[in-house]
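Please open the model in your viewer and keep the selection panel at hand. The tour below goes from one selection to the next and says what is found at each stop.

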Amino acid sequence: MKRHEKRSYDPASQKMIQKAEKENIEIVWDRYDAMQPQCGFGELGICCKICNMGPCRIDPFGDGPQTGICGASKDTIVARNLVRMIASGAAAHSDHGRDIAHALLLAADGEAHDYHLKGTEKLKRTAQVYGIDTKGKSTEKIGKELGEKCLAEFGQQHGELRLLSLAPKKRQEIWRKLGIAPRGIDREIVEIMHRTHIGVDNDYKNVINHGMRAALGDGWGGSMIATELSDILFGSPEPIRATVNLGTLKKDHVNIVVHGHEPTLSDVVTDAVKDPELLALAKKYGAKGINLVGMCCTANEILMRHGLPSAGNFLQQELAILTGSVELMMVDVQCIMPALSSVANCFHTKLVTTSPKCKFPGVEHVEFKEEKALEIAKNIIRKGVENYKNRVQQRVDIPKEIKGLVAGFTTENAFRILGGKYRFTVRPLNDAIISGRLRGAAGVVGCNNPNIKHDWAHVEMVKELLRNDVLVVQTGCSAIACAKAGLLTPESAYEYAGVGLREVCEAVGIPPVLHVGSCVDNSRILLILSAVVAEGGLGEDISDLPAAGAAPEWMSEKAISIGFYFVGSGVYTVFGTPQPVMGSENVTNYITNEIEHTMGGKFAFEADPIKAAHMMIKHIDKKRKALKLGEVMYKEKTATVKK
Ligand code: SF4
Ligand code: MSK
């Protein structure tokens, strides 16, 4: 197998990897190779540099030191490092949620004229959860009260986050009994930093249980606030057809890529590119128009709400620039590789940062402010349009690969669709599982990582699940990976789904894989699971459901936080490569085994996606048995999957 084929499963990416090699441009896989062998202590999680007596490291072979200079055991060191990853991941998601709440307040106050509260139905429903009396109040007044209440939850010191009340009652009781119901979003993150300071918490289970509390504050707090308030501000997504992969870039258009996470900028950019003056300017420079595409989770935001194309996922950010066709890439926060500036320097591509939280040395910064959103967005687009004249057409090389997909599923509309046109109910989903037409459901989410062939694990895992009648729900870069492989269309049910799943997809006209958004939108999956429990017939808690989760190509600290809030909500969750815990048998055993007795969910690590899919299927079958459900309806498979 050639090098580019080993690096990516996606033919479009393979072409750009070859181009990088030919033109001697260093990209992420080259840096990954140069980093080998990677630090074994880091991989095992047994290096500590929390204080200046260190750095300390535990000898994994037992010959050298078995504690740090302060006496911290490997269990303590591993647990502390792990929960610090949760702190960072939860902080990233939650800060995103905070920014959306801030934008909602500005919009409600009339200070951010370019935003309007579009999701009025969701506004009322969410206001109710927060105990806001909506009677006789204007949309703006309700929005303002809701925004204030959500913002207050970041610094809340006592009590519980309001959105926890959306979880099944039994789950809420588990959290209370274990003392891990999050009090305030920031509070739990700060407490991680305190507990993991030199000389504080050295009981690994106690450390991890608090990490779980902070992660729950992400899933049922910061991330859920981000999702719900985004739906209120920008409107709830509806199923929508779109396209994906590098082939969405256009040879004869000004190509603008929005990359990062927060929809406050990208949403307004979707309006800015329609500006007649900018379109005329693009024509003046010889382009046929302005082509706006997304990258990573910003792609998911504009894909879900506007049907705009996604040029690719995490490992394709440099590859988009390598096409030579990108006039401008604007970035906000998270998953933006520092290497982008050097790759952009090899082409005419202009890189523009927009968040005060994410600047690059030597890269133009145009600060985004909600109060002047459209004006700033147009200003940035103009820079891209003006850069078209610098494009070297001979260097343009856009892979032809492009695939259609249907995105835009949400907790609410997935219910409506599954329940028929006018009903908001998951009854048909529950019935399909109870009857055995569907075996169960799985959430497959997360990033890419050069330590696994790009997209391969996502695609193969999902195909195997579909083939075994498991309905798949996706977010983030995982959804983009499967969309590129053609799995996110209703038609794909004929090729990939087992007989039962295909029947369900045919009956309701949905793809076998439901794309529910970006990484903060994993909170939608929590709400879908809660709705399935509430509908009845499948147990009393999320941990009773024939369901499982996976992050087969994870890389970010956000993925760790997501994993922990799923396990803490009762979900069996399989990560591809292990979390950095293997240096402590105790911590590994705790999170992959023991924790199930208290939380109802646990982790597993398996890099082979087919094996991992079967671990999930086995778990689903175990839950079916516990619920006394019969066997799955159809034994024969319709699709054949190449391994
Ligand atoms: Fe070493 Fe302990 Fe300091 Fe960590 S906290 S660096 S183990 S002395
Ligand atoms: S962008 S967190 S690589 S999913 Fe959300 Fe993708 Fe993972 Fe970033």
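## First stop: ligand 1

Begin by selecting ligand 1, which takes up the space of the second largest cavity. Please bear in mind throughout that this is a predicted model. Now show the side chains around ligand 1, namely C48, I50, C51, M53, G54, C56, G68, I69, C70, R80 and I198. If you colour this shell by residue class, you will find 8 nonpolar, 2 polar and 1 charged residues.

Next, hide the ligand and look at the space itself, for which the computed volume is about 80 Å³. The lining of the second largest cavity consists of C48, I50, C51, M53, G54, C56, G68, I69, C70, R80 and I198, and by class this lining divides into 8 nonpolar, 2 polar and 1 charged residues.

## Second stop: the domains

Colour the chain by its domain assignment, which gives domain 1 (3–57), domain 2 (74–234), domain 3 (246–395) and domain 4 (410–638). Then keep domain 1 and domain 4 in view, whose centres, taken over C-alpha atoms, are 28 Å apart. Across the boundary between these two, 15 residues of domain 1 make contact with 14 residues of domain 4. About 1100 Å² of area is buried between domain 1 and domain 4, with carbon and sulfur atoms giving 62% of it. On the domain 1 side, select Y9, Y32 and L44, which lose the most area to domain 4 and together account for 49% of what that side buries.

## Third stop: ligand 2

Now move to ligand 2 and display the residues that surround it: H261, C296, C297, F314, C335, G446, C447, C477, C519, M555, S556 and K558. Sorted by class, the shell around ligand 2 holds 8 nonpolar, 3 polar and 1 charged residues. With the domain colours still switched on, you can see that domain 3 (246–395) and domain 4 (410–638) each supply at least three residues to the shell around ligand 2.

## Last stop: the largest cavity

How many cavities of 30 Å³ or more does a search of the whole structure find? The search finds 3 of them, and the largest cavity is the space taken by ligand 2. This largest cavity holds about 470 Å³ of space. Its lining is made up of 45 residues, and to find the centre you can select G443, V445, V473, I525 and F566, which lie nearest to it. By class, the lining of the largest cavity comprises 35 nonpolar, 9 polar and 1 charged residues. Finally, colour the lining by domain: because domain 3 (246–395) and domain 4 (410–638) both give residues to the lining of the largest cavity, this cavity lies between them.

Terms used: Residues are numbered from 1 along each chain as its sequence is written. Chains are lettered from A and ligands numbered from 1 in the order in which they are written. This is a predicted model: local features need pLDDT of at least 70, side-chain atom pairs count only at pLDDT 80 or more; totals for chains, interfaces and linings use all residues. Side-chain values use heavy atoms; hydrogens and water are left out. A residue is near a molecule or strand if one of its heavy atoms lies within 4 Å of it. On a 1 Å grid over the protein atoms alone, a cavity is a set of points where a 1.4 Å probe fits but cannot get out, and a pocket is an open set with protein on both sides within 12 Å along at least five of seven lines; lining residues have an atom within 4 Å of a point. A molecule sits in a cavity or pocket if more than half of its atoms lie within 2 Å of its grid points. Ala, Val, Leu, Ile, Met, Phe, Trp, Tyr, Cys and Pro count as nonpolar, Asp, Glu, Lys and Arg as charged, and the others, Gly among them, as polar. Domain bounds come from an automatic or database domain assignment. Grid points are joined across faces, edges and corners, and a volume is the space filled by probe spheres set on the points. Contact means heavy atoms within 4.5 Å. Buried area is the accessible area (1.4 Å probe) that two parts lose on being put together, summed over both.
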